[in-house]
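Please find below a briefing on one protein chain, prepared for use beside the sequence and the coordinates. The topics are the overall make-up, the aromatic rings, the charges over rings, an internal cavity and the backbone.

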Amino acid sequence: MTACGKKSSDSSDLSEEKSSEPVTLSEAFSKKGIWFYSYSSPQKEKAIDAVYIFNGKGRVRYYSLNYCSGSTIKYEEIRDKNINEIEELVKIRSQASGKCFLTSLSKEGYNISLSDEEEEGIKEEVQNIGKDLPYDLHITSDETGNGTAKETLEVATDENSKICGLDVKKRNHCPADMEFIPPSDSFVTSVYDKNFSGVLNGKEDYDGNLTSRGLYALVPPEFQGFTLDQPGADGIEVD
């Protein structure tokens, strides 16, 4: 296992990235950029369940939108909005969603059973809305040890985080963490005036088929897609 190194930063904007080949996740996350987590590829009527906004300085703001009904945002709602306007909309919905859920937790007869760790994780996530959080990337190598089987984004990787933080066991309950599998191809899809490219997190449906659930970034129309980092990449922990 290699230790985490200094995270690179980049003041350029991913939505204006010009590259002739796929961009690694570490390079993509080092740039300013807005990413949308959804259960399917971007489509106008599909819901956005969470948003990650990277500031180009090694920090990310994470917004969850799926705690209470009515708080999610559809892709069509960000039509004609710039990044600042999108974040303002996302922040308002995320705060409303979090407050709604915390209120539900305090009510007698609430019918969803959560462990103490899960409940603490949700409370911490709500407190972190709009904050610039540290993050790390982690590679799980394949059978040969030379390739990447999956890459994980770990958010709130500091000693001040009660649920996420530096404790490996607690990271199982970190709501913002996300795993990615190697992309099978590069693509850009458009919804109205916005172009998206993404990377899947390997979730399957009930029949065992790979879904298009993943993280999708705003990119230029000629973008060449993303690729996972490989073992040996500077500053990325490997096991």
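The briefing starts with the chain as a whole and then turns to individual residues.

The model is predicted. Its chain contains three helices and 14 strands. Of the 239 residues in the chain, 44% are buried.

**Overall make-up**

- Among contacts in the chain with a separation of 6 or more, 59% are made by residues 24 or more positions apart.
- The surface that the chain exposes comes to about 12,400 Å², and 44% of that area is supplied by carbon and sulfur atoms.

**Aromatic rings**

- A pair of aromatic rings is described by two quantities, the distance of the centres and the angle of the planes.
- There are 13 aromatic pairs in the model.
- One of them joins tryptophan 35 and phenylalanine 226, whose ring centres lie 4.8 Å apart with 40 degrees between the planes, a tilted arrangement.
- This pair links distant parts of the chain, since tryptophan 35 belongs to strand β2 (residues 32-38) and phenylalanine 226 to strand β13 (residues 226-227), with their positions 191 residues apart in the numbering.
- Tryptophan 35 counts as buried because its relative accessibility is 0%, and phenylalanine 226 is likewise buried because its relative accessible area is 2%, the cut-off being under 20%.
- Phenylalanine 54 and tyrosine 135 form a pair with centres 5.2 Å apart; their planes stand at 90 degrees, so the pair is edge-to-face, a class that requires an angle over 60 degrees.
- Here too, distant parts of the chain are linked: phenylalanine 54 is in strand β4 (residues 50-55) and tyrosine 135 is in strand β7 (residues 133-141), 81 residues apart.
- Phenylalanine 54 and tyrosine 135 are both buried.
- Through ring pairs, the four residues just described join Phe29, Phe180 and Phe223 in a cluster.

**Charges over rings**

- Arginine 79 is placed over the face of tyrosine 192, 3.8 Å from the ring centre.
- Arginine 213 has its charged end over the ring of tyrosine 39, at 3.8 Å from the centre of that ring.

**Internal cavity**

- Rolling a probe the size of a water molecule over the atoms shows where empty space is left.
- The model holds two cavities of 30 Å³ or more.
- The second largest cavity contains about 40 Å³ of space.
- Its lining consists of Tyr62, Tyr63, Ser64, Tyr67, Ser94, Gly98, Glu125, Val126 and Ile129.
- At least two lining residues of the second largest cavity come from each of β5 (59-64), α2 (83-105) and α3 (116-127).
- Strand β5 gives the largest share of this lining, with three residues.

**Backbone**

- Most residues other than glycine have a negative phi.
- Aspartate 80, which is not a glycine, has a positive phi of about 70 degrees.
- Aspartate 80 lies in the loop between β6 (73-74) and α2, and it counts as exposed because its relative accessibility is 59%.
- Tyrosine 192, also not a glycine, has a positive phi of about 55 degrees.
- The loop between β10 (189-191) and β11 (194-200) holds tyrosine 192, which counts as partly exposed because its relative accessibility is 39%.
- Tyrosine 192 is the residue whose ring face lies under arginine 79.

Definitions and conventions: Residues are numbered from 1 along each chain as its sequence is written. This is a predicted model: local features need pLDDT of at least 70, side-chain atom pairs count only at pLDDT 80 or more; totals for chains, interfaces and linings use all residues. Side-chain values use heavy atoms; hydrogens and water are left out. Rings of Phe, Tyr and Trp (its six-membered ring) pair if their centres lie within 6.5 Å; planes under 30 degrees apart count as stacked, over 60 as edge-to-face and the rest as tilted. Helices (H or I, at least four residues) and strands (E, at least two) are DSSP runs, numbered from the N terminus. Buried means under 20% relative accessible area, exposed over 50%, partly exposed in between (1.4 Å probe, protein chains only). A charge sits over a ring if NZ of Lys or CZ of Arg is within 6 Å of the ring centre and within 35 degrees of the ring normal. Contact means heavy atoms within 4.5 Å. Accessible areas come from the Shrake-Rupley method with a 1.4 Å probe; for residues, only the protein chains shown count as cover. On a 1 Å grid over the protein atoms alone, a cavity is a set of points where a 1.4 Å probe fits but cannot get out, and a pocket is an open set with protein on both sides within 12 Å along at least five of seven lines; lining residues have an atom within 4 Å of a point. Grid points are joined across faces, edges and corners, and a volume is the space filled by probe spheres set on the points.
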